[in-house]
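Thanks for making the time, everyone. I would like to walk through one model this morning, going from the ligand to the sheet and then to a single residue in a helix.

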Amino acid sequence: MSDGIVLWGAVSIRALRVHWALQELGLDYQFRPILSRSGETLTAEYTGHNPKQKIPCLQDGEFTLTESPAIVNYLFNAYGEGADVHLSQTVEEQARADEWSYFAMMEMDAHSLYVIRRHKFLSEIYGEAPVAVASAAEYCLKQINAVAPAVAEFDPYIFGDRISAADILLASTINFAERYEVELPASCRAYRDRAYARPAFQAANARNEDLDAT
Ligand SMILES: N[C@@H](CCC(=O)N[C@@H](CS)C(=O)NCC(=O)O)C(=O)O
């Protein structure tokens with residue numbers, strides 16, 4: 001019998017994105033609060049779900065999905081109709097959503113923030129690389145300053161009143177940048193603060209941090 005929706009992964013910015021999407025969509029889900037770098041992603045059971053041995057991973061019945069942006073987009077596409085969220089209505093809107101999502105995932109998360117995280121904050125595992133860290137921080141700051149004027153136009157989110165999957169990816173990654181000591185432009189800080197004040201975000205954050213949750 002299907003367990004419905006099951007989310008694997010806790011105390012992680014990337015799992016938090018998925019909790020947030022589930023909460024915005026008002027979906028019930030089971031939670032398996034496994035932690036990264038704890039050995040819990042290395043078990044045979046979990047490796048069967050995600051051979052990359054990383055969190056998060058989502059199961060929806062027989063369907064299994066990894067990669068936080070793919071999961072957030074899947075949930076909005078599968079369950080967003082009728083929910084109080086923004087779904088793209090035109091090809092251009094979808095392209096704009098993709099532009100923000102790829103910016104957050106590539107320019108910020110992958111190209112710069114994960115370099116800083118791995119080689120400054122997890123250097124005991126991944127090794128010290130101060131030149132790469134400094135270069136990644138400078139790169140991230142340049143990117144975020146470049147988009148700050150466009151972020152200042154969000155009213156209050158990318159597509160107006162309703163939050164979109166792209167907002168979840170962008171706001172969570174902007175917050176990730178601040179955690180890794182990238183100074184946020186005022187417009188980006190204000191946008192992150194608006195998004196993080198949402199009750200759905202607050203509920204998601206509490207569940208992401210609750211290791212006793214199911
Ligand atoms: N691109 C993946 C990255 C997943 C990822 O790196 N997750 C981290 C936790 S936030 C993890 O599991 N790290 C454990 C490891 O690298 O062994 C996503 O966005 O879901």
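**Ligand shell, sheet and one helix residue**

Let me begin with the ligand, which is surrounded by Ser12, Ile13, Arg14, Ser36, Arg37, Thr41, Lys54, Ile55, Pro56, Glu67 and Ser68. Please keep in mind throughout that this is a predicted model. If we sort the residues of that shell by character, three are nonpolar, four are polar and four are charged.

Turning to the sheet, we have four strands in an open arrangement, with the order β2-β1-β3-β4 and mixed pairing. Since β2, residues 30-32, and β4, residues 63-66, stand at the edges and have a single partner strand each, one side of each is left without a neighbour in the sheet. On average, and with direction ignored, neighbouring strands here are turned by 15° against each other. Within the sheet, strand β1, covering residues 5-8, runs antiparallel to strand β3, covering residues 57-60, and four bridges join the two; there, Leu7 stands opposite Leu58 in β3.

The last stop is Val133, which is found in helix α6, spanning residues 130-152. Is Val133 buried or exposed? It counts as buried, because it has 21 C-beta neighbours inside 10 Å, and the cut-off for that class is 20 or more. If we leave aside the neighbours within four places in sequence, Val133 is in contact with Val115, Ile116, His119 and Lys120. Finally, Val133 and Val182 are separated by 49 residues in sequence, and their C-alpha to C-alpha distance in space is 11 Å.

Key: Residues are numbered from 1 along each chain as its sequence is written. This is a predicted model: local features need pLDDT of at least 70, side-chain atom pairs count only at pLDDT 80 or more; totals for chains, interfaces and linings use all residues. A residue is near a molecule or strand if its C-beta atom, placed from the backbone, lies within 6 Å of it. Ala, Val, Leu, Ile, Met, Phe, Trp, Tyr, Cys and Pro count as nonpolar, Asp, Glu, Lys and Arg as charged, and the others, Gly among them, as polar. Two strands pair if DSSP finds at least two bridges between them. Axes are lines fitted to C-alpha atoms, for helices over the stretch in contact, and angles run from 0 to 180 degrees between N-to-C directions. A residue is buried if 20 or more other C-beta atoms lie within 10 Å of its own, exposed if 12 or fewer, and partly exposed in between; C-beta atoms are placed from the backbone. Two residues are in contact if their C-beta atoms, placed from the backbone, lie within 7 Å.
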